[in-house]
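Please open the model in your viewer and keep the selection panel at hand. The tour below goes from one selection to the next and says what is found at each stop.

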Amino acid sequence: MKMTKIIATVAACAFGAAASAQDGNTLFVEGEKMVTETAAPDHVEGLRTIYSGWRFRTPETQALQMDDFENPAMIFVDQALDLFNTVDGSEGRSCASCHESVEDFAGLTATMPKVIDGKLTTMEDLLNGHRAKAMGAEPWKWSGPEMQSMIALIGLQSRGMPMNVAIDGDAAPFYEQGKEMYYTRYGQLEMSCANCHEDNYGNMIRADHLSQGQINGFPTYRLKQAKLISRHNRFRGCIRDTRAETFAEGSDEFRALELYVASRSNGLSVETPAVRQ
Amino acid sequence: MKQTLAILAATSLFATAAFAEGIAPGDVEFVDGAVETSLSGVPGNPEKGAELMNKGAGNCIACHSVEALAHLPFHGEVGPPLDGAGERWSEAELRGIVANAKIMFPDSMMPSFYKTTGFIRVGDGYTGKAAAAGEVAPLLSAQDVEDVVSFLVTLKYD
């Protein structure tokens, strides 16, 4: 039943996107082919195939992600490039003082989050860590525009590379914690991530077309809010919508959930920065 | 004769109490997932029930489609279409499903609308903050459940 739905969606999209000479099945960004569908990694027991969130969006929203001139997130990426070269903090340094080019970060986003010196580290942690230690600069707010713009710029350097987040070794306990959260039915509505994104992807819930809740396109530009949305902000919203006490952005719980959810995207292309309605 | 009177008196007393307070969420008796007794003691109003299908904490059409409410936009696909529900299920079964669907359908994704305990990290509505200590109010009141059930009973195939 799920498969029929997706095929129906794809058929509908193919029709709608005909004008842009692309079907709703295949995503080329700036001429580069993205993997939006592939076999689920072995550790994801509840899914046989994983799909990028791009596959569940309307043809209009899909089109915005195919061309960097149309993609509204690119304004923030440009601002981040300026920030990359801007001196900040007591040490009189910019990112560029230590990192010759932002292109040096190619591949990094595909492996994040990861355990570094025993600590589960997200991209936000890396950036604020460097700001504190190397620059003597104030931390950026987790979901603030500077932080998420810089994460989008760094993510863009990995666009098209397969997500490849480690779940073994040091990462194993965090993986288990995140997995447990993914299947916990939170709040007065008693719903887990899996209820919506594993059992019901492809189905409509009210006006929303449920995707698999993959995070290979984050931070995403959300047209409704006209800004970049962080991974933890999205998690917070989804848990709040179950009438639950949610977790804080930057909490250890959300770090663990991020590792687990990112690992469910292993094999999909990094699409940062993706566009959502 | 005396005994009968006594029983009658007791019964009507009980009925009055039930009328005033209804059956509390923790006291609802399920038999095979169904609930025989009205939760409020007051007959449901199907028009109010139809409204609850679309709004507030009911919002049933977020997950279910209903032909009779086709004038409203955005019916969901998570649960089965409710057309004909009044033929498939008895009133008692429908009351049980709305009050706590997880008894009729174990592990169902459908929320339990007349339940106040046993939640994980229950919030204060949709604020994302913790609920104040103590019990939360059920998603639907006893009378809301009766109203919704009285609407569902009208859903027949024609």
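Between chain A and chain B of this predicted model, the count is 2 salt bridges. To see one of them, select B:Lys115 together with A:Glu190, whose side chains meet in a salt bridge with a distance of 2.9 Å from N to O.

Next, select on chain A the elements α8 (193-197) and β7 (204-205), each of which supplies at least two residues of the side that touches chain B. If you colour that side of chain A by class, you will find 10 nonpolar, 8 polar and 8 charged residues. Across the interface of the two chains, 16 residue pairs are in polar contact, with both residues at pLDDT 80 or more.

Now widen the selection to the whole contact, which takes 26 residues from chain A and 35 residues from chain B. The area buried between the chains is about 2600 Å², and carbon and sulfur atoms give 54% of this area. Which residues of chain A lose the most area to chain B? Select A:Gln188, A:Arg206 and A:Arg243, which together account for 32% of what the chain A side buries.

Finally, colour the model by confidence. For the complex, the predictor gives an ipTM of 0.90 and a pTM of 0.91. Chain B averages a pLDDT of 88, and 86% of its residues score at least 70, but over residues 1-20 of chain B the pLDDT is below 50, and this stretch has 5 contacts in the model beyond near neighbours in sequence. Where pLDDT is low, the predicted coordinates should not be read in detail.

Methods. Residues are numbered from 1 along each chain as its sequence is written. Chains are lettered from A and ligands numbered from 1 in the order in which they are written. Side-chain values use heavy atoms; hydrogens and water are left out. pLDDT is the predictor's confidence in each residue, from 0 to 100. Contact means heavy atoms within 4.5 Å. Buried area is the accessible area (1.4 Å probe) that two parts lose on being put together, summed over both. A salt bridge is a side-chain nitrogen of Lys or Arg within 4 Å of a carboxyl oxygen of Asp or Glu. A polar contact is a pair of N or O atoms within 3.5 Å; within protein, one must be able to donate a hydrogen and the other to accept it, and residues adjacent in sequence count only if both atoms are side-chain atoms. Helices (H or I, at least four residues) and strands (E, at least two) are DSSP runs, numbered from the N terminus. Ala, Val, Leu, Ile, Met, Phe, Trp, Tyr, Cys and Pro count as nonpolar, Asp, Glu, Lys and Arg as charged, and the others, Gly among them, as polar.
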